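Dear colleague,

I am passing on the structure we spoke of, with my notes on it underneath. Could you read them beside the coordinates and tell me where you would look further?

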Amino acid sequence: MKKLILVLLLMLMAATLAAGDTIYLRDGRTVSGTVLGFVNGRFAVRLTNSLTNNGPSNPVQNTGGRTTTNRVLAGEAGDILFIRPNEIERIEIEGRSLDEARFITRTVDVALGPNWVDSGVDLRRGDRVQVRAAGTIYAGRTRITPEGLRSTDPNAPLPRAAEGVLIGAVGNDASAPITELGTSREFVADRDGRLYLTANRSGYTDARGSYQVQVRTERELPGRNANARNNAGRVDDNQNNDDYDPFGNGSNAQGRVEPAPVRPRSGNVLDQQSGPNRNRAPLEKTIEVAANLARGVDTGIDLRSGDQVQITASGNVTAGRRAGVVSPDGGRVGAAATFGAGTYPVPTAGVGALIGYIRLTNGQL
């Protein structure tokens with residue numbers, strides 16, 4: 001914060017040598033002049049051009065239910081105008097923007113492992129986030145970039161997105177939406193929580209390397225802290241608060257990296273408040289399994305480790321001349337099957353019994 005103040009003061013000193021500074025106000029107006037300094041919590045600006053008020057001072061109902069009044073900002077060329085920081089959208093000093101002072105940038109390595117990677121960035125609902133990524137992850141002999149591959153992985157967190165593409169989620173809640181990020185993406189957080197990142201791939205044991213991800217978020221100014229937010233999640237303007245100072249001692253929660261709960265890449269994430277939570281809605285399908293199919297029937301259901309599956313079957317099939325018509329439980333178990341010496345896929349199951357198997361992404365059963 002001290003370095004930030006020093007940089008600002010140096011730029012302000014340079015600005016006093018020549019006019020050409022531009023202040024963009026939140027009400028849409030532009031102030032042309034010379035920024036003289038930061039005095040008593042306000043920017044002092046000598047106007048180059050006249051600034052007229054955009055209308056009378058009108059009551060405004062803010063989001064917290066309280067009524068405030070828009071302050072009149074007006075002056076003639078040569079006048080010195082004092083502007084509160086929360087009335088300013090951004091400042092350009094001789095074409096050089098102070099916008100960077102409003103943002104925090106973090107860089108994190110995102111490797112492919114059993115858990116999502118904690119970015120160290122805490123977000124609030126409505127925060128704007130910019131993400132840029134580079135680097136390479138190698139899965140076996142496959143080279144994957146943050147844009148992902150042309151193929152998809154049905155067992156990945158985003159089954160329909162490109163395999164290996166960089167993805168992100170806000171919070172440790174498994175029901176939180178997953179955002180496809182790729183090499184460059186800007187999005188608005190839909191909830192409060194820590195930002196987690198990973199590559200969109202189910203397998204990770206053969207992976208090495210990582211993505212280098214840059215996350216840029218707006219600095220948490222004192223006027224945007226939790227106490228200033230109303231129940232709707234929006235920020236009150238606090239326009240009449242003269243104590244508001246973006247360069248004061250108010251620390252930014254986003255600038256501190258504190259431990260966050262682990263977010264596993266599997267579908268089972270334990271929500272500390274509501275217990276086990278699922279990343280997908282329950283799925284129910286009815287499938288007809290004919291008796292004369294050599295390789296069985298594809299249910300079209302993709303499973304993840306830890307998924308709970310309930311199967312209920314009815315009907316009958318003819319399982320050969322000796323076994324005859326049997327139910328899904330199968331016919332009588334033969335003597336050889338008792339000792340595990342049967343020739344059926346599941347030797348200990350009855351003839352014609354309904355059985356199932358899971359085919360992994362590598363084709364193994």
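E147 is placed in the loop between strand 12 (142–144) and strand 13, and in this predicted model its relative accessible area is 43%, so E147 is partly exposed. Although their positions lie 52 residues apart along the chain, the C-alpha atoms of E147 and A199 are separated by 9.7 Å.

Turning to the interior, the largest nonpolar core has 23 residues, and V110, L166, L197, Y211 and V213 are those with the most contacts inside it. At least two residues of this core come from each of strand 9 (103–111), strand 10 (117–123), strand 11 (128–139), strand 13 (166–170), strand 16 (193–199) and strand 17 (207–218). The most is given by strand 11, which supplies five residues to the core.

As for charged side chains, the structure holds ten salt bridges, among them the one between R84 and E87, whose closest N and O atoms are 3.7 Å apart. Both partners fall under the 20% cut-off for a buried residue: R84 is buried because its relative accessibility is 7%, and E87 is likewise buried at 7%. The bridge between R191 and D190, at 3.3 Å from N to O, joins side chains that are not buried in this way, since R191 is partly exposed at 26% and D190 is partly exposed at 40%. A network of salt bridges also links D118, D122 and R194.

R90 appears in two kinds of contact: it forms a salt bridge with E92, with the closest N and O atoms 3.8 Å apart, and it lies over the face of Y24, at 3.9 Å from the ring centre. With a relative accessibility of 30%, R90 counts as partly exposed. A charge over a ring is found again at W116, where the charged end of R263 sits 4.6 Å from the ring centre. Aromatic pairs, by contrast, come to a count of zero under the rule applied, which asks for ring centres within 6.5 Å.

Finally, on the surface there is a nonpolar patch of about 1000 Å², made by L283, I287, V289, L293, V297, I301, L303, V309, I311, L354, I358 and L360. Of these, V297 is found in the loop between strand 19 (275–277) and strand 20 (317–318), and V297 is partly exposed, with a relative accessible area of 33%.

With best regards

Definitions and conventions. Residues numbered from 1 in each chain as written. Predicted model: local features only at pLDDT ≥ 70, side-chain atom pairs only at ≥ 80, totals over all residues. Heavy atoms only, no water. Phe/Tyr/Trp six-rings, centres within 6.5 Å; stacked < 30°, edge-to-face > 60°. Lys NZ or Arg CZ within 6 Å of the ring centre and 35° of its normal. Patch = residues over 30% accessible without salt bridge, like charges linked within 9 Å, V, L, I, M, F, W, Y side chains within 5 Å. Areas by Shrake-Rupley, 256 points an atom, 1.4 Å probe, with all protein chains shown as cover. Salt bridge = Lys/Arg side-chain N within 4 Å of Asp/Glu carboxyl O. Helix = DSSP H or I, 4+ residues; strand = E, 2+ residues; numbered from the N terminus. Buried < 20%, exposed > 50% of the residue type's maximum accessible area, 1.4 Å probe, protein only. Core = buried A, V, L, I, M, F, W, Y, C linked by side-chain atoms within 4.5 Å.
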